[in-house]
Every structure is written in structure tokens, then in C-alpha cells.
Amino acid sequence: MLSSISPLGERSRGTSFTRTAVAYVVGSVLAAVVVGSVLGGVGSLVPDEVRGSAPVLAALAALFVLGLVLDIRSGGHGVPSWRRQVDREWIGRYRGWVTGLGFGLQLGLGFVTIITSTSTYAVLVAELLTGHWWAGALIGFVFGLVRATPLALVRRVDTPQQLHEVFANLDTWAAPADRLAQASLLAGAVVCVGALVI
């Protein structure tokens, strides 16, 4: 996707990278906020004492650990997921902002394209367990913004060589990003266990 939506690519199609990128970020954040709001609202139907009960916290901690093990063992290739990506045929067929918004909406939902880390599932479960639409929306806002962040890496790409350099840099960041996602799963498990013993 980064190779498709860049200043270089948008210029070749006669569209504005800024407009496309803003639409992408708006779509990603909007979709993630809607999902978070809905899940937080659904979670509010479950009484607080059930959502915060020892069995639920223990099950959640176990799921976090299972997710961590899956992520470590599979390197993102064995995580239960769709095998669907955004439709590259949109690029050039629709206006840049339409493509940006559509791509952002799909990626911001979090679960309609390939999922490479179980931390995505952890976010959805966390939104549900907040029990408040606004708390789920807040988690969704952060998730959608983080999902859109990689687009900032190509904002200064004006030549094919610069695009190749961005991809080379991305490769160096892949392992640290995986470790951060794994650390978030471990932190979630620790928080759940900590809540159990308090």
C-alpha cells in the first residue's frame, strides 16, 4: 500500500498526496472509532462484576499469552486471519481521496484485511471489556491513528530511489515493531493477573 499511495504515485496520477493521505487517516480513525464505540457499547450490556470477574480476567490473561505464543512462533504468518487485502484496482480508477478514504476505512476496521499480530484481536477485546462506548472509541482512535502512521514514512518520497530507501528502512523496523506488539500482549496478561491478585 505504501508503494501505491506516495507523493510519487499520486503525482503520476495527477492527484494530491496530501488530500489522499488525509482521507486515508480520516478513514482509518473513523472506522476504528466506530468499531470501538460499538464494542464498548455491547460490553456495557454485560454487568461490571462479570466483565471484571476472576474467570474473565484469567481467560483474558490466557488469551494474551496464547496470542503472544502465536505471534512469536508464527512471525505473523500463523495468526488466524482473512487473506484479503485492500483492492489495488481502486488506485487510478477512483479519485485519490476516494481511494485513501476506502483504504483507510478497511484498514481502520482492523479485521477485514490480513491480520499479522494477535494484538489486533487484543485491541478488539479491550474495547469490548471497557463497557463504555466512549472508552472503546478512545481505544479505537489510538488504534486507527497507529494503523495510519506508516503513511507518514512516504510523505517526502519524490523518486523511485527514495521509495526503495523507505522500504529498506521499513525492513529494519519490522522486528522492533513485532517486539513492541508482543510486549503489549505480555503487558496485557500482566495487568490481568495483577487485577486478579489485588
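This briefing describes the overall make-up of one protein chain and then the surroundings of one residue, Thr-130. The model is predicted. The chain contains eight helices and zero strands, and buried residues make up 38% of its 198 residues. Thr-130 belongs to helix α6 and is buried.

**Overall architecture**

- Read along the sequence, the elements of the chain follow the pattern α-α-α-α-α-α-α-α.
- The C-alpha trace spans about 60 × 35 × 25 Å along the principal axes of the chain.
- Among the contacts in the chain with a separation of 6 or more, 78% are between residues 24 or more positions apart.

**Surface and charge**

- About 11100 Å² of the chain is exposed, and carbon and sulfur atoms supply 70% of that area.
- The chain carries 14 positive and 11 negative charges, and the mean positions of these two sets are 6 Å apart.

**Thr-130 and its surroundings**

- Helix α6 covers residues 119-130, and Thr-130 lies within this helix.
- Thr-130 has a relative accessible area of 19%, and it counts as buried because this value is under the 20% cut-off.
- A polar atom of the Thr-130 side chain lies 2.8 Å from the backbone oxygen of Glu-127.
- When neighbours within four places in sequence are left aside, Thr-130 is in contact with Gly-40, Arg-51, Ala-135, Gly-136 and Ile-139.

Terms used
Residues numbered from 1 in each chain as written. Predicted model: local features only at pLDDT ≥ 70, side-chain atom pairs only at ≥ 80, totals over all residues. Heavy atoms only, no water. Helix = DSSP H or I, 4+ residues; strand = E, 2+ residues; numbered from the N terminus. Buried < 20%, exposed > 50% of the residue type's maximum accessible area, 1.4 Å probe, protein only. Polar contact = N/O pair within 3.5 Å; in protein donor to acceptor, adjacent residues only side chain to side chain. Contact = heavy atoms within 4.5 Å. Areas by Shrake-Rupley, 256 points an atom, 1.4 Å probe, with all protein chains shown as cover. Lys, Arg positive; Asp, Glu negative; His and termini not counted. Charge placed at Lys NZ, Arg CZ, Asp CG, Glu CD.
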